[in-house]
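Good morning, colleagues. Please take a moment with the sequence and the model, and then I shall go through selected features of the fold.

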Amino acid sequence: MDDASWRRRTRERLLTRRQFLRAAGIVVGGVTLASCGSNGEDSTPSVPTPAPSPTPERLVEAVEGYDDAGLWVGRSLTITSWGGEYQDAQERAIFEPFQRLTGAIVETDTTDAASLRRQVLEDDVDWDVCDVLLEDVLPMANLGVIELLDYSTIRSQDIYPDVRMEHGVGSSYYSTILAYRPDRWPDQPPPSGWKDFWDVERYPGTRGLHRDAQTTLEFALLSDGVAPADLYPLDLDRAFGRLTEVQTNLVLWWEQGAQPTQMISTGDLDLVGAWNSRIERIRQEGAPVEIQWNGGALSGDAWVIPRNAPNLDIALDFINFATRPEVSAAFSSLVPFGPVNRLAFEHLPEQIAERLPSFPANKDVQFTIDFSWWFNHRDAVDERFDQWFADHP
């Protein structure tokens with residue numbers, strides 16, 4: 001994928017995600033998640049602003065290895081993230097404890113891929129740590145705009161391997177899953193995965209998928225009996241053939257995250273591929289809808305460090321702190337994004353843990369998107385997907 005294609009797709013994805021989460025009002029553990037994305041514009045970043053004062057309730061009192069409150073006194077760290085209540089959760093669970101336990105001053109700004117690249121190319125880097133989409137780590141590394149991570153500083157042994165990369169490490173998980181109405185087929189067991197999504201005789205009803213080749217093609221192959229471990233490289237002919245088989249039953253190809261949740265809530269959809277956080281919200285509000293984790297597509301966000309970041313030493317220590325079990329658990333107790341540290345679940349109530357995408361029982365039946373494969377094939381596959389879509393209105 002060339003530079004221009006990556007920047008274009010990054011802007012499109014971030015805008016969609018921002019609109020989705022801002023409209024969502026997702027609630028987990030009593031806190032609402034409303035926004036998670038940049039504005040996607042190629043504009044000069046805003047002036048960093050100090051992180052808000054912590055709330056009276058401390059989510060993280062202590063973290064193993066962080067017992068020197070003067071460690072980074074007199075030093076500051078600028079972190080970029082997605083804004084809204086996603087970042088509010090980070091401020092409560094991660095930024096405030098890091099300030100308190102190390103003495104560092106944390107300032108925040110908004111993640112913007114174009115601004116990150118401009119800062120690096122102009123050798124005028126203001127940011128120290130950025131929360132970016134997991135799928136953008138490889139393109140950023142390929143463009144030379146982020147640092148290699150030092151895993152002698154970042155304790156990675158308990159971080160899930162699929163989010164440990166040379167240039168980035170996971171900050172959270174989210175999933176695209178099969179959502180369904182359990183009241184729709186009272187005489188049948190609940191749909192067990194994508195094979196049942198494609199089985200229109202046993203599970204009649206309306207269906208919807210994301211109008212995006214990534215995940216949609218993987219789901220098509222899973223429906224045809226391909227094992228998750230054998231998904232990549234994608235058998236495109238087989239995947240598009242399966243899409244053609246179910247196409248007449250698809251009443252929604254959604255592009256905005258509100259669409260599938262609204263339609264499954266009202267009963268206009270019976271099964272749909274959707275983001276777990278969206279579905280969890282309406283489920284908590286009483287909608288007759290459930291999540292089938294089997295065959296879900298795991299993705300997430302990652303911490304990266306811009307090349308030539310001014311505070312590399314503190315940035316590495318911050319990433320180590322942010323991925324500790326206690327800290328990961330505190331963040332996931334506020335928003336429906338899964339922790340990247342497997343030991344975090346020892347610090348979470350079961351009723352919250354079991355609804356998160358990286359909960360072991362849920363993670364074990366999902367696959368992690370192969371971003372390396374998509375990095376090398378995205379443009380060609382998107383072109384074919386768009387042509388298939390035009391041929392199957």
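A residue is called buried here when its relative accessible area is under 20%, exposed when that value is over 50%, and partly exposed in between. By that criterion, 58% of the 393 residues in the protein chain are buried. I should say at once that this is a predicted model. The chain is built from 14 helices and 12 strands. Of the contacts between residues at least 6 apart in sequence, 73% connect residues at least 24 apart.

Let me turn to the charged pairs. How many salt bridges does the structure hold? There are 19 salt bridges, and I have selected three.

The first on my list joins the side chains of Asp162 and Lys363, with N to O at 2.9 Å. These two residues come from distant parts of the chain, 201 residues apart: Asp162 sits in the loop between α4 (137-142) and β7 (169-180), and Lys363 belongs to helix α13 (residues 360-363). Is each partner buried or exposed? Asp162 is partly exposed, because its relative accessible area is 25%. Lys363 has a relative accessibility of 16% and therefore counts as buried.

Next, consider a pair within a single helix. The side chains of Arg242 and Glu245 form a salt bridge at 2.7 Å, N to O. Both residues lie in helix α7 (residues 236-246), three residues apart, which is about one turn of the helix. Arg242 has a relative accessible area of 11%, so this residue is buried. Glu245, by contrast, is exposed, because its relative accessible area is 52%.

My third example is Arg355 with Glu290, whose side chains meet in a salt bridge of 3.4 Å, N to O. Arg355 lies in the loop between α12 (350-353) and α13, whereas Glu290 is in strand β11 (residues 290-304); the pair therefore ties together parts that are 65 residues apart in sequence. Arg355 is buried, because its relative accessible area is 15%. Glu290, at 23% relative accessibility, is partly exposed. Returning to the pair in helix α7, salt bridges with shared partners join Arg242 and Glu245 with Asp224 and Arg238 into one network.

I now move to helix packing. Two packed helices are described by the angle between their axes and the distance between the axes. Helix α2 (residues 84-102) packs with helix α11 (residues 325-332) at an angle of about 145°, and their axes are 9 Å apart. Their crossing is right-handed. Which residues make the contact? From α2 there are Tyr86, Ala89, Gln90, Ala93 and Ile94, and from α11 there are Val327, Ala330 and Phe331. Seven of the residues in this contact are nonpolar, one is polar and none is charged.

Finally, I would draw your attention to Ser358, which is located in the loop between α12 and α13. Ser358 is buried, because its relative accessible area is 0%. Its side chain reaches the backbone oxygen of Pro339 at 2.8 Å. What else does Ser358 contact, leaving aside neighbours within four places in sequence? Besides Pro339, the contacts of Ser358 are with Tyr160, Tyr173, Gly338, Phe345 and Lys363. The last of these, Lys363, is the residue that forms the salt bridge with Asp162.

Thank you; I welcome your questions.

Conventions:
Residues are numbered from 1 along each chain as its sequence is written. This is a predicted model: local features need pLDDT of at least 70, side-chain atom pairs count only at pLDDT 80 or more; totals for chains, interfaces and linings use all residues. Side-chain values use heavy atoms; hydrogens and water are left out. A salt bridge is a side-chain nitrogen of Lys or Arg within 4 Å of a carboxyl oxygen of Asp or Glu. Helices (H or I, at least four residues) and strands (E, at least two) are DSSP runs, numbered from the N terminus. Buried means under 20% relative accessible area, exposed over 50%, partly exposed in between (1.4 Å probe, protein chains only). Axes are lines fitted to C-alpha atoms, for helices over the stretch in contact, and angles run from 0 to 180 degrees between N-to-C directions. A crossing is left-handed if the near helix is turned anticlockwise from the far one by less than a right angle, and right-handed if clockwise. Contact means heavy atoms within 4.5 Å. Ala, Val, Leu, Ile, Met, Phe, Trp, Tyr, Cys and Pro count as nonpolar, Asp, Glu, Lys and Arg as charged, and the others, Gly among them, as polar. A polar contact is a pair of N or O atoms within 3.5 Å; within protein, one must be able to donate a hydrogen and the other to accept it, and residues adjacent in sequence count only if both atoms are side-chain atoms.
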